[in-house]
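Please examine the sequence and the three-dimensional structure shown below. The paragraphs after it are intended to be read with both in view.

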Amino acid sequence: MNYRHIYHAGNFADVLKHSVLTLALSYLTQKEKPFFVLDTHAGIGLYDLSSEEAQKTGEFQGGIAKLLADPACPEIFRPYLDAVRALQPEGTGEGVRIYPGSPFITRGFLRAGDEAKFCELHEKDKEVLLSRFEGDKQARVYGLDGYLALKSFLPPKARRGLVLIDPPFERRDEFLALTAHLKEALSRFATGTYMIWYPVKERGPVDRFAREAAGLAAGSWLRAELMLYGEARADRLNGCGLFILNPPYTLKAQLEKEILPYLVARLGIARARFLLEAGGD
Ligand code: SAM
């Protein structure tokens, strides 16, 4: 387990994942009924972008920093940008020093009665995350394998909710593992919204995963990819994607008309483009 998210926090991939996460969570808050969130690969929750690690890659400069610096950033990003701005120490201006990971973004949307479970397997990271949610009865941290957590925690009592699966892709067979565990999770909680993040390096494994995930869907699904480079090369991160099962019905149009075109224009590098596919009922 060598992956450390601090090197990548706030980069283009986080921008796509976290802006869509805020939309999915906002959607869940539209009904009074309580909801449940399971974050299978949670990270440490908050990232100091002034740290040596974050400064070393500077990846956030090509991500969140570009949105915050844009006075014309579309309104649809507001819940996401508000979540980021709320954490900045005084004097940060329109810059960014502290970046929220998925657990902090999620926590901001929980109402009394809603519940979240965050899993982080890395021993030290789990301790950091635990300390950040100590005493929180609605948001609990587990040092569990995220894939096993799908078995342990699904179906949730609330029967409505969101499962975020955001693995580090250190395993060569991560796509295979994802498909197998997703199948198992769907057999337990077929109506949940599942949001899976993936990197786009070579096209082959990505397309295979998307085909298989679509084959598992009993309801609707969306596949959204933000490609910083038009040409996919195996030796670099060309882009990233989200595969979403049972998405909020509003999300497809939001991605197609607002989120993806803006991110391509603002964050793209060379012949950037997006891909959006939808299926199911
Ligand atoms: N979801 C986080 C966010 O959006 O802020 C970022 C998560 S990062 C991409 C992946 C995390 O998964 C790392 O912190 C890593 O330590 C953790 N991890 C790796 N293997 C895991 C496993 N089998 N179960 C749970 N967590 C794992």
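The account below begins with the ligand, turns to the annotated positions, and ends with two helices.

The structure is a predicted model. A ligand is included, and 18 residues surround it. The closest of these are His41, Gly43, Gly101, Ser102 and Gly146. By class, the shell around the ligand consists of six nonpolar, seven polar and five charged residues.

The UniProt record, an unreviewed entry, lists His18, His41, Ser102, Glu120, Asp145, Gly146 and Asp166 under "binding site". Three residues in that list, His41, Ser102 and Gly146, are also among the closest to the ligand. Asp166 carries a further annotation, since the unreviewed UniProt entry places the feature "active site" there.

Where in the fold does Asp166 lie? The residue is in the loop between strand S6 (161-165) and helix H8 (174-188). Is Asp166 buried or exposed? Asp166 counts as buried because it has 23 C-beta neighbours inside 10 Å, and the threshold for burial is 20 or more. Leaving aside residues up to four places away in sequence, Asp166 touches Lys17, His41, Ser102 and Trp197. Two of these contacts, His41 and Ser102, also appear in the "binding site" list of the UniProt record.

Asp145, another residue on that list, is found in the loop between strand S5 (139-142) and helix H7. Asp145 has 15 other C-beta atoms within 10 Å and is therefore partly exposed.

Helix H8 follows the loop that holds Asp166. H8 has 15 residues and reaches 21 Å from its first C-alpha to its last, close to the 21 Å expected at 1.5 Å a residue. Which residues of H8 are buried? They are Phe175, Leu178, His181, Leu182, Ala185 and Leu186. These residues cover an arc of only 140° around the axis, which means that they lie on the same side of H8. An α-helix has 3.6 residues a turn, so residues three or four places apart point the same way. The buried residues of H8 pack against helix H7 (146-153), S6, strand S7 (193-200) and helix H9 (203-216).

A final position to locate is Arg85, in helix H4 (residues 78-85). Arg85 counts as partly exposed because it has 13 C-beta neighbours inside 10 Å. Arg85 and Arg97 are twelve residues apart in sequence, and their C-alpha atoms are 9.6 Å apart in space.

Definitions and conventions. Residues numbered from 1 in each chain as written. Predicted model: local features only at pLDDT ≥ 70, side-chain atom pairs only at ≥ 80, totals over all residues. Helix = DSSP H or I, 4+ residues; strand = E, 2+ residues; numbered from the N terminus. Buried ≥ 20, exposed ≤ 12 C-beta atoms within 10 Å, placed from the backbone. UniProt positions renumbered as here; feature names shortened; annotations may be inferred. Contact = placed C-beta atoms within 7 Å. Near = placed C-beta within 6 Å. Nonpolar A, V, L, I, M, F, W, Y, C, P; charged D, E, K, R; others polar. Expected span 1.5 Å × (residues − 1). Arc of directions from axis to C-beta.
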